[in-house]
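Work through the exercises below with the sequence and the coordinates open. Each task is followed by a solution in steps.

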Amino acid sequence: LDDIVLEPLAKGYNKLPAPIRSGANNFTSNIGTLLSIPNNILQGNFKQLGHSLGSFALNTTVGFLGFLNPAEKIGLKPQKEDTGQTLGLYGVSSGCYFVLPVLGPTTVRDSIGMIADTFIDPFAHITIRENEILGASGNALDYYSLKATSAVDFRADNDKNLKSLEKNSIDFYSSIKSVYLQDRENKVRNSIENEDEWGNLDN
């Protein structure tokens, strides 16, 4: 899938003018902020909740539906949070690592988190869930189109890094596994540190 679809799309995407790439990245990141909001609440991180709410509101209005990022210019920098990170904060271990078809690297915890994300993500609710409940047509396509665009954007941003990793790795699979697990562990650790910081302030 990567060789035939994602890599060629990423190369074509990288040839687009920088403002278009930046706008697409801002737009998908802005929608992605919606998932952070319920996870900020579940994690008890109200500072980040403020950043997420403020950033989404400002970018969606002043930033023309998120294609611009004025929130960053005034210091609002929401961290991306998902249910897998929230479960990690509550002490749920990652479990075994494996690779899902199409979706890519994950762990048992993150797979459960991905399923849970579709239930607590506000954007999923107004697309997938509304489609299931009301029998509406076309809404689910919006959700999957956004996910596909995010995947291409991510692949394009990391094209050089992936090529370098593949070229310099004795075992490319093991290298990807190591990078993924370290990245997820760092994100969970950041969530725990944020919680500790607020716990200290409360004390």
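The exercises that follow treat salt bridges, helix packing, one helix residue and backbone angles in this predicted model.

**Exercise 1. A salt bridge between two helices**

Task: Find which residue forms a salt bridge with D2, and determine which parts of the chain the pair ties together.

Solution.
- Step 1. Look for the partner: D2 pairs with R155, and the closest N and O atoms are 2.7 Å apart. The cut-off for a salt bridge is 4 Å, and the pair is one of 9 salt bridges in the structure.
- Step 2. Place both residues: D2 belongs to helix α1 (residues 2-14) and R155 to helix α8 (residues 139-157), so the bridge ties together parts that are 153 residues apart in sequence.
- Step 3. Check accessibility. D2 has 30% relative accessibility and counts as partly exposed. R155, at 7%, counts as buried because the limit for that class is under 20%.

**Exercise 2. Salt bridges within one helix**

Task: For K187 and for R189, name the salt-bridge partner and state how many residues separate each pair.

Solution.
- Step 1. K187 forms its salt bridge with D183, with 3.3 Å between the closest N and O atoms.
- Step 2. Both K187 and D183 are in helix α10 (residues 172-202), where 4 residues, about one turn of the helix, separate them.
- Step 3. K187 is partly exposed at a relative accessible area of 33%, and D183 is partly exposed at 34%.
- Step 4. R189 meets the side chain of E185 in a salt bridge, at 3.8 Å from N to O.
- Step 5. R189 and E185 are also in helix α10; they are about one helical turn from each other because they are 4 residues apart.
- Step 6. The relative accessible area is 38% for R189, which is partly exposed, and 41% for E185, which is partly exposed.
- Step 7. Turn to bridges with shared partners: these join D2, R155, D159 and K163 into one network.

**Exercise 3. Packing of α1 on α8**

Task: Classify the arrangement of α1 and α8, then list the residues that make the contact.

Solution.
- Step 1. The axes of α1 and α8 are 8 Å apart, and the packing angle is about 75 degrees.
- Step 2. Angles from 65 to 115 degrees count as roughly perpendicular, so α1 and α8 are roughly perpendicular to each other.
- Step 3. From α1, the contact uses D2, L6, E7, L9, A10, Y13 and N14; from α8, V152, D153, R155 and A156.
- Step 4. Sorted by class, the contact of α1 with α8 holds 6 nonpolar, 1 polar and 4 charged residues. Both D2 and R155, the salt-bridge pair of Exercise 1, belong to this contact.

**Exercise 4. Packing of α2 on α8**

Task: Describe the crossing of α2 and α8 by angle and handedness, and give the residues of the contact.

Solution.
- Step 1. The axes of helix α2 (residues 18-43) and α8 come within 10 Å and cross at roughly 125 degrees.
- Step 2. This angle makes α2 oblique to α8.
- Step 3. The crossing of α2 and α8 is left-handed.
- Step 4. The contact is formed by R21, N25, F27, T28 and I31 of α2 with L146, T149, S150, D153 and D157 of α8.
- Step 5. By class, the contact of α2 with α8 consists of 3 nonpolar, 4 polar and 3 charged residues.
- Step 6. D153 of α8 appears here and also in the contact with α1.

**Exercise 5. The surroundings of T33**

Task: Decide whether T33 is buried or exposed, and name what it touches.

Solution.
- Step 1. T33 is placed in helix α2.
- Step 2. Its relative accessibility is 7%, so T33 counts as buried.
- Step 3. With residues up to four places away in sequence not counted, T33 touches S52, F56 and P78.

**Exercise 6. Positive phi values**

Task: State where F64 and V102 lie, and why their phi values deserve a look.

Solution.
- Step 1. Most residues other than glycine have a negative phi.
- Step 2. F64 is not a glycine, yet its phi is positive, at about 55 degrees. F64 sits in the loop between α3 (46-61) and α4 (70-73) and is exposed, with a relative accessible area of 58%.
- Step 3. V102 also has a positive phi, near 70 degrees. V102 is in the loop between β1 (97-100) and β2 (104-107) and counts as exposed at 70% relative accessibility.

Notes: Residues are numbered from 1 along each chain as its sequence is written. This is a predicted model: local features need pLDDT of at least 70, side-chain atom pairs count only at pLDDT 80 or more; totals for chains, interfaces and linings use all residues. Side-chain values use heavy atoms; hydrogens and water are left out. Buried means under 20% relative accessible area, exposed over 50%, partly exposed in between (1.4 Å probe, protein chains only). Axes are lines fitted to C-alpha atoms, for helices over the stretch in contact, and angles run from 0 to 180 degrees between N-to-C directions. Angles under 35 degrees count as roughly parallel, over 145 as roughly antiparallel, 65 to 115 as roughly perpendicular and the rest as oblique. A crossing is left-handed if the near helix is turned anticlockwise from the far one by less than a right angle, and right-handed if clockwise. Contact means heavy atoms within 4.5 Å. Ala, Val, Leu, Ile, Met, Phe, Trp, Tyr, Cys and Pro count as nonpolar, Asp, Glu, Lys and Arg as charged, and the others, Gly among them, as polar.
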